[in-house]
Amino acid sequence: MNRVPSKSSIHATAAVAALLALAGCTKPEAQTTTDTAAKAGAAASAPAAAAAPNMVSFTAKEFSFEGPDTIPAGLTMFHLTDAGKELHHVQLVKLEEGKTFADYQTAAKDMKGPPPAWAVPYGGVNPPAPGATTTAMQVLEPGNYAVVCFVEGPDHVPHMAKGMMRPLTVTPSANANTTEPTADVTLTLSDYTFTLSKPLVAGKQLIKVENGAAQPHEVVLIQLAPGKTIEDVGKWVLDMKGPPPGKPIGGIPAFVKGKDSFFEADLTPGEYGMICFVPDAKDGKPHVQHGMTTQFKVG
Ligand SMILES: [Cu+2]
């Protein structure tokens, strides 16, 4: 890997674009620094930092994940491949107050209401269509995590109840890259809306996703089938009968305020929607039932 002059000088958009262009999920052997980054890198006091995110891959199927048990802290790009038939996501849950995965398993057994306060929704990667891959990026702090799939099949049993969860330990890393990439667009989630800093366009763009609310939210990005609406998607998930009215193309699972994440959307012209299924903090209803959807056209 090339040395990068300083953390703050990383020309993150270019670096990220280059990384996203790499086929597969292998660790890049080299990264490109731009002239701008080199010129701006005079701040000699900053430690040399790795600009590239750590690449971490999970494969999901009915009803398990394949993936690492231990990864280093810092900027991390998660790749999720669905090798199954149903939809799956990687929901990270940060286990605070010294809690372990065993504690989480115990708590999950009869989790009817909201999760315990020490189990903090921490983003991850939202579903690709079966057979496809989605990615998302965040700066991960050291600690104990659970990797969980809350997606339900037609039987309305969350996959976690079928054993779809595993522990993930994030270890401290002396040269962790904690610099967030520079996004093209910011998406703010709140009770109960999606707000884009500017419209999404055809082609690739890096989206920063922020939560402006006290409770967790998520974004599932959907490429709508011809003539279908995001409301159709909200209705379809109730019984999952007939062909799906759209195709999931990623997004960020539930996360709390302050835990910003990033994902790339590579869009072709057409109709798209965003939807949130997180259960409401007050009444437990999925946020879609509070109107947390949006639909837009990409020209
Ligand atoms: Cu929500």
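**Stop 1: Leu187 and its surroundings**

Select Leu187 and display the residues around it. Setting aside residues up to four places away in sequence, Leu187 touches Phe194, Thr195, Leu196, Ile207, Lys208, Val209, Glu210, Val219 and Met274. The model on display is a predicted one, and the tour should be read with that in mind. Leu187 belongs to strand β10, which covers residues 185-190. Is Leu187 buried or exposed? Its relative accessible area is 0%, so Leu187 counts as buried.

Next, add the C-alpha atom of Glu210 to the selection. Although Leu187 and Glu210 are 23 residues apart along the chain, their C-alpha atoms are separated by 6.2 Å.

**Stop 2: the hairpin of β10 and β11**

Keep β10 in view and select strand β11, residues 193-196. The two strands run antiparallel and are joined by four bridges. The connection from β10 to β11 is a hairpin of two residues. Which residue of β11 is the bridge partner of Leu189? The partner is Phe194, a residue that also appears among the contacts of Leu187.

**Stop 3: strand β13 and its two partners**

Val219, another of the residues touched by Leu187, leads to the following selection. Select β13, residues 217-224. Why is β13 described as largely enclosed by the rest of the structure? The description applies because seven of its eight residues are buried.

Now add strand β14, residues 246-255. It pairs with β13 in the antiparallel sense, over six bridges. Within this pairing, Val219 stands opposite Ile252 of β14.

Then add β16, which spans residues 270-275. β13 and β16 also run antiparallel, and four bridges join them. Here Val220 of β13 has Ile275 of β16 as its bridge partner.

**Stop 4: the copper ion**

Select the copper ion and show its donor atoms. Which residues coordinate the copper ion? The four are His217 through ND1, Cys276 through SG, His287 through ND1 and Met292 through SD, at 2.0 to 2.7 Å. Along the chain, these donors follow the spacing H-x58-C-x10-H-x4-M. Two of them, Cys276 and Met292, link distant parts of the chain: they are 16 residues apart, and both lie in the loop between β16 and β17, the latter being residues 293-298.

Displaying the angles at the copper ion shows a further feature of the site. The angles among the four donor atoms range from 85 to 145°. The tetrahedral class requires every angle to lie between 85 and 135 degrees, and the site of the copper ion is classed as irregular.

Both Cys276 and Met292 are buried. For Cys276, the relative accessibility is 0%. Select Cys149 as well: this cysteine is likewise counted as buried, because its relative accessibility is 0%. The disulfide count for the model comes to zero.

**Stop 5: Gln215, beside a copper ligand**

From His287, one of the residues coordinating the copper ion, move to Gln215, which touches His287. Where is Gln215 placed? It sits in the loop between β12, residues 203-211, and β13. With a relative accessible area of 9%, Gln215 is buried.

Show the side chains of Asp191 and Asp280 together with that of Gln215. The Gln215 side chain makes a polar contact of 3.2 Å with the side chain of Asp191, and another of 3.0 Å with the side chain of Asp280. Beyond four places in sequence, the residues touched by Gln215 also include Tyr192, Pro279 and Ala281.

**Stop 6: Gln91 in strand β5**

Select Gln91, which is found in strand β5, residues 90-95. Its relative accessible area of 4% makes Gln91 buried. Which backbone oxygen does the side chain of Gln91 reach? It is that of Ala254, at 2.8 Å. Ala254 falls within the residue range of β14, the strand visited earlier beside β13. Apart from neighbours within four places in sequence, Gln91 is in contact with residues including Pro121, Tyr122, Gly123, Val148, Phe150 and Pro253.

**Stop 7: the whole chain**

Finally, return to a view of the complete protein chain. It contains four helices and 17 strands. Of its 299 residues, 45% are buried. Among contacts between residues at least 6 apart in sequence, 72% join residues at least 24 apart.

Note on methods:
Residues numbered from 1 in each chain as written. Predicted model: local features only at pLDDT ≥ 70, side-chain atom pairs only at ≥ 80, totals over all residues. Heavy atoms only, no water. Donors = N, O, S within 2.8 Å, 3.2 Å for Na, K, Ca; no water. Tetrahedral: all angles 85-135°; square planar, octahedral: opposite > 155°, others 65-115°. Buried < 20%, exposed > 50% of the residue type's maximum accessible area, 1.4 Å probe, protein only. Contact = heavy atoms within 4.5 Å. Pairing = 2+ DSSP bridges. Polar contact = N/O pair within 3.5 Å; in protein donor to acceptor, adjacent residues only side chain to side chain. Disulfide = S-S within 2.5 Å.
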